[in-house]
Amino acid sequence: MRRALIPLLCLLASGCGDDDAPTPEEALPGGETTVHDTTRNAFALAARNLQGERRDAFFVGNALFNRNWVTAPASAEGLDGLGPTFNASSCAACHFKDGRGKPPTEPGEKPLSLLFRLSIPGVDEHGGPLADPVYGGQLQPLSILGVPAEGQMALSYNTHEGQYADGTPWSLEEPHYTLENLAFGAPHAELRVSPRVAPVMIGLGLLEAIPDAALEKLADPEDRDGDGISGRVNHVWDVQAGAVRVGRFGWKANQPSLSQQNTSAFRGDIGITSALFPDEDCPPVQTACQQAPKGGTPEVDEQKLNQVTFYSRMLAVPARRDADAPDVLRGRSLFREVGCATCHVPRHETGTVEDAPELSGQIIFPYTDLLLHDMGEALSDHRPDFEATGNEWRTPPLWGIGLVETVNRHTRFLHDGRARSLEEAILWHGGEGEKARERFRTLSATERAQLLRFLESL
């Protein structure tokens, strides 16, 4: 399939050596891991080059990823210890079909795949956010029997109107969050809240395999090239290594590795302790939480954690659709001309990963620089996260974004899912993204459609 695409793309472009010509690798964004699937299962497949016993290990991890954890004590030894307070009872509850979460969209709907990070001014001993003394580092709206849930978050929206240069109107919905039914009284007077939807799981192992040096090379914190874009690396605390490392996972790049990302999510989202994070998230005032039965010490062992991490590392990236269609090719050019590609860097090459030859030496097209960028006041959560300021967010990968509607039955984008479409996601760009947004705003209707068509092909 890959070989067949090479001459086709060359024929449709003006020439394989032309800067405007697509490279043949672009049709296979995950390199040799890329799969050809456009069904609702497109984000849940193993890397195409994963073979034999390693493929079997992927499905063991898949089972654990989808498994519901239960209250301790239970007959399901090794799978109990849920909570005491939590956001979800399984990984898949937020990452449904390994896809993207969304905010509530109907009255009374609960935020099942949207969580809220909490902190107060100051930093912890490693430079990370300082948790609220009463509600901890993450609002837990659910709990086991006999333990109070911490509270709920209610959403409301304000509508903002605008128009393109050609007069075509648009409207954007700005979310507002209100804490309700708090079980332990008022939080800290300067509580900071950061809403974050569950991201897509595909290609995470490939992103981890991009060398740190490549990301440092892309960074331009002082904007020395004067293009108005000053991407920064977030340097974060690696708990296992006991050292500062390059952050690359999470909406603010606040996690250095998939292993730590997953282990942290086990504790923060499901309430499952591990050797890396041995303590429940039960602040002193939450006595019932502290005294609740445990599912062991720790509640998840290293083997299970490694199996889930292997699974999340080996999830494949879907191939491009209609990559050679004329309107997609024009949209691809506009993507660069408008300035999107400055942060959504198309191409990377992975390094050598000792225990993952499938991910090593791959030419990939994730459309991200994994760096922090100031996205403006409108998108700010006013909550620093290691070196990330309240206005800064990590450039999210775009690969697979055109299949979100197929897989997850919605088109909600950005860190809190406020954008109802790819078009709205662009219009929310501010700060360093403002120039690109303004160029998009002044495109003709046909050009806007072509740029969006390109995004839908990713």
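This note goes through selected features of a predicted model, point by point.

1. The annotated span. The UniProt record, an unreviewed entry, carries the annotation "domain: Cytochrome c" for residues 326–458. In the predicted model, that span is 34% helix and 8% strand, and its end C-alpha atoms lie 15 Å apart.

2. A salt bridge between two helices. Within residues 326–458, helix 9 covers residues 326–338 and contains Asp327, while helix 13 covers residues 445–457 and contains Arg453. Arg453 forms a salt bridge with Asp327, and the closest N and O atoms of this pair are 3.2 Å apart. Because Arg453 lies in helix 13 and Asp327 in helix 9, the pair ties together parts that are 126 residues apart in sequence. Arg453 has a relative accessibility of 24% and so counts as partly exposed; Asp327, with a relative accessible area of 30%, is also partly exposed.

3. Other salt bridges. The structure holds 24 salt bridges, among them the one between Lys102 and Glu109, in which the closest N and O atoms are 2.9 Å apart. Lys102 counts as partly exposed because its relative accessibility is 22%, where the cut-off for buried is under 20%. Its partner Glu109, at 30% relative accessibility, counts as partly exposed too.

4. A buried pair and a network. Asp416 forms a salt bridge with Arg418, with the closest N and O atoms 2.9 Å apart, and here both Asp416 and Arg418 are buried. Elsewhere, Glu26, Arg320 and Arg332 are joined into one network by salt bridges that share partners.

5. Arg196 in strand 7. Arg196 is part of strand 7, which runs over residues 192–197, and with a relative accessibility of 4% this arginine counts as buried. The side chain of Arg196 is joined to that of Ser194 by a polar contact of 3.0 Å. When neighbours within four places in sequence are left aside, the residues in contact with Arg196 include Ser113, Leu114, Leu115 and Arg117, as well as Trp251, Lys252 and Asn254. Further along the sequence, Asp381, Arg383, Asp385, Trp393 and His415 are also in contact with Arg196.

6. Asp238 in strand 8. Strand 8 covers residues 234–238 and includes Asp238, which counts as buried because its relative accessibility is 4%. A polar contact of 2.7 Å links the side chain of Asp238 to the side chain of Arg245. Arg245 appears again in the contacts of Asp238 beyond four places in sequence, which are made with Ala243, Arg245, Pro256 and Gln260.

7. Cavities. The structure holds 2 cavities of 30 Å³ or more, and the largest cavity has a volume of about 40 Å³. Its lining includes Gly83, Pro84 and Thr85 together with Gln140, and also Arg267, Gly268 and Gly271. Glu280, Asp281, Cys282 and Cys289 likewise line the largest cavity, so that charged residues and cysteines are both found in the lining.

Terms used. Residues are numbered from 1 along each chain as its sequence is written. This is a predicted model: local features need pLDDT of at least 70, side-chain atom pairs count only at pLDDT 80 or more; totals for chains, interfaces and linings use all residues. Side-chain values use heavy atoms; hydrogens and water are left out. Helices (H or I, at least four residues) and strands (E, at least two) are DSSP runs, numbered from the N terminus. Buried means under 20% relative accessible area, exposed over 50%, partly exposed in between (1.4 Å probe, protein chains only). A polar contact is a pair of N or O atoms within 3.5 Å; within protein, one must be able to donate a hydrogen and the other to accept it, and residues adjacent in sequence count only if both atoms are side-chain atoms. Contact means heavy atoms within 4.5 Å. A salt bridge is a side-chain nitrogen of Lys or Arg within 4 Å of a carboxyl oxygen of Asp or Glu. UniProt positions are given in the numbering used here, feature names are shortened, and annotations may be inferred rather than shown by experiment. On a 1 Å grid over the protein atoms alone, a cavity is a set of points where a 1.4 Å probe fits but cannot get out, and a pocket is an open set with protein on both sides within 12 Å along at least five of seven lines; lining residues have an atom within 4 Å of a point. Grid points are joined across faces, edges and corners, and a volume is the space filled by probe spheres set on the points.
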